[in-house]
Amino acid sequence: MDQNKIRNFCIIAHIDHGKSTLADRILELTDSVELREMEDQLLDNMDIERERGITIKARAVRMKYRADDGEEYIFNLIDTPGHVDFNYEVSRSLAACEGAILIVDASQGIEAQTLANTYLAIEHDLEVVPVINKIDLPSADPERACNEVENIIGIPAMDAPRISAKMGTNIKEVLERIVTDIPAPKGDDDAPLKALIFDSYYDQYKGVIIYCRVKDGHIKVGDTIKLMATGAQFQTVEIGYMGAKDLVPVGELHAGDVGYIAASIKDIGDTRVGDTVTNAADPCKEALPGYKKVNPMVYCGIYPADGAKYGDLRDALEKLLLNDASLSFEPETSVALGFGFRCGFLGLLHMEIIQERLEREYNLDLITTAPSVTYKVTLTNGETEMIYNPTNYPEPALIASAAEPVVNAHIYSPSEFVGNIMELCQDRRGSFKDMKYIDTNRVDLHYILPLNEIVYDFFDALKSKTKGYASFDYEMKGYEPSKLVKLDVLLNGEVVDALSFIVHEEKAYARGRRLTEKLKENIPRQLFEVPVQAAIGGKIIARETIKALRKDVLAKCYGGDITRKKKLLEKQKEGKKRMRQLGSVSVPQEAFMSVLKLDD
Amino acid sequence: MTGLYIHIPFCARKCPYCDFYSVGYSKGLAQSYVDAVLRNLRRFEGKGIDIDTVYFGGGTPSLLYARQVRQILDVVNECFNVHSPEVTMEANPCTVDLYKLCQMREAGVNRLSFGVQSANDGELERLGRLHDFARAKRAVYDARTAEFENISCDIMLGTPSQTVESLKRSVDTLTSLPITHISAYMLKIEQGTRFDCEQVRKEMADDDTMSDMYLQTVEQLEKAGFAQYEISNFAKRGFESRHNLKYWTGESYIGIGASAHSFFGGKRYYCPRDVDAFVQGDVQAEIVDEENPDGLEEYIMLGLRLSRGIETDSLVRLGADCGKILQKAQMLEKGGLCEVGGGRIRLTPRGFLLSNSIIAEFISVI
């Protein structure tokens with residue numbers, strides 16, 4: 001296939017602005033799927049994606065399109081996640097494209113995350129094609145949306161296609177724009193192979209499937225490939241492109257193509273997303289520039305509810321790591337929870353999704369600890385330590401100073417909610433930077449916020465204070481000195497390491513009180529009275545008492561019906577299994593979970 | 001030695017809290033039922049089974065005619081080797097008079113268990129009982145006159161409208177009667193009974209009050225000379241229920257009648273809750289609960305119901321990790337829930353109140 005007839009592009013959109021719907025319409029119009037096979041959001045094929053209506057993982061699909069100029073073109077659409085947590089996925093997808101369609105909701109205009117992703121696309125030298133969607137809505141104002149695109153992003157948009165992906169209006173115009181506006185790839189088919197891995201997953205039968213974009217050179221079945229970061233070599237057994245429903249083997253890929261490679265790769269550690277694939281016999285001189293690597297921002301401990309499942313959890317994490325390079329994990333041990341992993345995530349949604357995928361796709365029962373960020377602590381001996389786990393926070397006496405990560409946060413919202421948002425940011429220890437009017441009734445509020453104040457539930461709180469109208473984006477700004485303390489939780493006088501967390505001094509008392517209350521609610525009465533205490537460096541700041549259980553007895557046990565009592569006992573044994581034994585206290589999983597939602 | 005349980009599933013009126021199996025009484029059905037009991041007893045003829053207790057439970061066994069009870073006991077004597085038996089009959093105070101009691105005594109019954117439940121008429125009415133306390137009191141005295149020397153009365157704790165004080169008075173009144181045994185049960189709402197409703201749950205004692213009532217009653221009964229020997233059972237010295245003890249000490253028992261349970265020949269089985277099937281069947285159906293019950297778990301579960309508790313020697317013999325159990329027991333002892341000593345572990349009254357949780361704790365470490 002002539003490279004001039006290939007268009008590689010992605011779609012950038014805010015959550016709910018219709019990205020997956022547009023993708024579906026494009027698939028239909030290019031006859032890539034039979035109509036009877038159509039199901040909504042074809043590209044979002046993870047259960048969680050469909051349920052939440054979001055895209056988590058990048059997906060790719062190849063289509064054929066006969067344009068108005070009479071030529072047949074190959075379209076490679078690489079779907080991208082919209083949420084801020086998944087910027088990394090976005091940047092991987094972008095590096096495989098020459099252009100991006102920017103969907104803007106005709107009634108809501110540009111949102112914070114769209115903006116962040118659009119800038120990312122411009123950074124990657126992508127041609128951005130704006131499209132105004134949802135013109136069928138009564139509240140649609142395409143004129144205003146176009147103005148916003150021009151004012152905020154600075155690209156011409158007055159002639160942007162005005163479409164309704166839902167109704168199928170003007171989709172054809174978008175396809176024509178892809179042909180005319182997005183440049184064709186310009187690779188050298190005769191040069192040594194140079195292909196970018198932008199996604200991969202593990203297939204039970206074929207081993208690791210690599211999704212790649214061939215930049216230069218070509219590859220065919222039987223070639224021995226080399227993965228440049230690890231140096232590992234494999235003989236390819238299957239090569240092809242991604243159809244809308246299935247992989248389609250074709251035998252070879254050329255410069256400009258997007259496709260997949262299977263090479264019986266069993267060790268998932270060998271393939272890294274962002275790595276370059278080359279030909280072992282005729283390697284290219286240097287690897288493609290790596291993706292913009294994003295560091296985890298949020299950490300939490302993940303433990304199997306049943307200690308015996310530790311190995312299963314490790315296997316599952318390794319498999320997830322394969323197609324989610326932004327995930328990081330290393331083994332850790334907790335006195336309370338046994339063996340588990342400290343995992344790093346891009347953000348809270350990312351964390352939730354990983355937990356959910358572990359539970360659903362790998363059928364694991366998990367206990368997670370409260371999310372934490374990375375603190376920088378300077379010790380009195382002059383050394384600096386990064387603290388990923390609250391348990392490792394040094395004794396107060398050893399700390400000279402402490403710093404916490406802060407972010408530059410932009411909140412886009414109708415101006416009527418400014419008061420509410422400011423109140424919220426103030427409460428979260430934010431410092432106000434400035435406020436800009438995007439147009440007459442929408443503002444861009446700029447705040448510096450400590451990351452640890454937003455990892456919990458900032459987004460939820462923001463949504464509820466703005467009737468869902470505000471959107472929010474942030475980027476790491478760096479570390480700022482802060483008065484931090486480690487808050488320990490004691491059950492029956494013993495510290496439960498898995499419940500410790502780091503908090504700003506001013507908030508410690510309130511958090512301690514709330515936490516002890518929550519634990520009291522969630523830990524059932526035991527045979528003895530159990531004090532629940534919150535402490536800072538040995539000083540108790542809050543206390544609740546779980547009263548001793550008084551009555552749990554089957555008074556009547558005669559007439560010879562022993563089985564009934566036995567059944568009761570079985571139930572009790574089952575219940576006990578779901579509990580974690582901390583000293584003499586049985587703690588149900590829910591108690592560990594409840595501390596994650598202190599603001600309920 | 002084996003115990004014999006005979007279930008008589010007839011009641012004049014179903015009590016709203018009771019979930020034992022019973023149906024309405026009719027003369028004809030009762031006689032067919034007795035015939036079926038006799039048929040089933042004869043199956044054991046010539047097997048040389050030694051028994052020393054017979055227990056007529058219900059339902060309301062005292063609804064039977066004395067001659068029917070005699071018929072049954074005669075067949076029992078023919079088919080089993082009977083050794084100076086304790087023969088108990090559960091009785092509703094309304095169903096007996098002096099004459100009937102004399103006949104029952106003559107037929108061979110030597111222990112009565114009256115469902116008195118309370119000495120407060122208001123509470124009795126709320127429980128849907130047919131008798132008032134005066135009637136119950138007369139039944140007890142009549143029984144004495146009929147030369148019953150071993151009389152037990154049931155009392156219920158935490159019933160709707162009962163207070164800590166009214167319960168105390170009931171217990172005092174009861175202990176002043178010429179009786180030898182008291183069963184004191186905390187009311188438990190059984191699924192599907194008429195008491196299984198919001199209204200009753202609101203009116204009955206909550207867990208804290210119930211616990212207070214229980215501890216007070218244990219103390220009161222001890223003072224009156226009724227020593228606790230099981231969670232809900234108290235007796236003057238030498239008058240513990242030999243039959244009921246079999247359930248808690250792992251001895252065998254044969255149950256005859258619809259819904260009757262058996263532990264015999266090493267397995268636990270029961271007859272379905274179906275009078276018609278029992279009456280029509282030549283032989284009662286046996287549904288096996290457990291072929292080979294776990295001796296150790298049962299020993300702990302049942303033994304800890306008794307005031308004398310469990311023996312460490314027996315635990316070891318049954319294969320338990322006695323060290324771990326003792327460790328748990330000592331922890332519980334600190335909280336006043338059990339006592340360890342003399343080669344035994346036994347629960348205190350406060351421990352009895354938590355016996356389900358405590359038993360689960362022990363079983364989790366064996």
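A residue counts as buried if 20 or more other C-beta atoms lie within 10 Å of its own, as exposed if 12 or fewer do, and as partly exposed in between. By this rule A:R429, which has 17 C-beta neighbours inside 10 Å, counts as partly exposed. The structure in which A:R429 is found is a predicted model, scored at ipTM 0.90 and pTM 0.69.

**The two chains**

Chain A contains 14 helices and 32 strands, and buried residues make up 48% of its 600 residues. When contacts in chain A between residues at least 6 apart in sequence are considered, 70% of them join residues at least 24 apart. Chain B, for its part, has 15 helices and 17 strands, and of its 366 residues 48% count as buried. In chain B, residues 24 or more positions apart account for 70% of the contacts with a separation of 6 or more. The mean pLDDT of chain B is 95, and 100% of the residues of chain B reach 70 or more.

Where the chains touch, the contact takes 24 residues from chain A and 38 residues from chain B. The side of chain A that touches chain B divides into eleven nonpolar, five polar and eight charged residues.

**Backbone features in chain A**

Helix 8 of chain A covers residues 348-361, and its 14 residues, at 1.5 Å a residue, should span 20 Å; the end C-alpha atoms are 19 Å apart, which agrees with that expectation. Within helix 8 of chain A, the buried residues are A:L348, A:H350, A:M351, A:I353, A:I354, A:R357 and A:L358. An α-helix has 3.6 residues a turn, so residues three or four places apart point the same way. Just after helix 8 of chain A, A:N363 takes a positive phi of about 55°.

Positive phi values also occur in two loops of chain A, at A:R429, which is not a glycine, and at A:N492, which is likewise not a glycine. A:R429 lies between helix 9 (418-427) and strand 23 (431-439), whereas A:N492 is found between strand 26 (484-491) and strand 27 (494-495). Like items for these two residues are set out below.

| Residue | Phi | C-beta neighbours inside 10 Å |
|---|---|---|
| A:R429 | near 65° | 17 |
| A:N492 | about 55° | 17 |

Because A:N492 has 17 C-beta neighbours inside 10 Å, it too counts as partly exposed.

**A helix pair and a cis peptide in chain B**

Two packed helices are described by the angle between their axes and the distance between the axes. In chain B, the axes of helix 1 (residues 27-42) and helix 2 (residues 66-79) come within 9 Å and cross at roughly 5°. Since angles under 35 degrees count as roughly parallel, helix 1 and helix 2 of chain B are therefore roughly parallel to each other. The contact is made by B:V34, B:V37, B:L38, B:L41 and B:R42 from helix 1 of chain B, together with B:Q68, B:Q71, B:I72, B:V75, B:V76 and B:C79 from helix 2 of chain B. By character, the residues of this contact divide into eight nonpolar, two polar and one charged.

The loop between strand 4 (50-58) and helix 2 of chain B holds B:G59, and the peptide bond from B:G58 to B:G59 is cis, with omega near 20°.

Methods. Residues numbered from 1 in each chain as written. Chains lettered and ligands numbered in written order. Predicted model: local features only at pLDDT ≥ 70, side-chain atom pairs only at ≥ 80, totals over all residues. Helix = DSSP H or I, 4+ residues; strand = E, 2+ residues; numbered from the N terminus. Expected span 1.5 Å × (residues − 1). Axes fitted to C-alpha atoms, helices over the stretch in contact; angles between N-to-C directions. Parallel < 35°, antiparallel > 145°, perpendicular 65-115°, else oblique. Contact = placed C-beta atoms within 7 Å. Nonpolar A, V, L, I, M, F, W, Y, C, P; charged D, E, K, R; others polar. pLDDT = per-residue confidence, 0-100.
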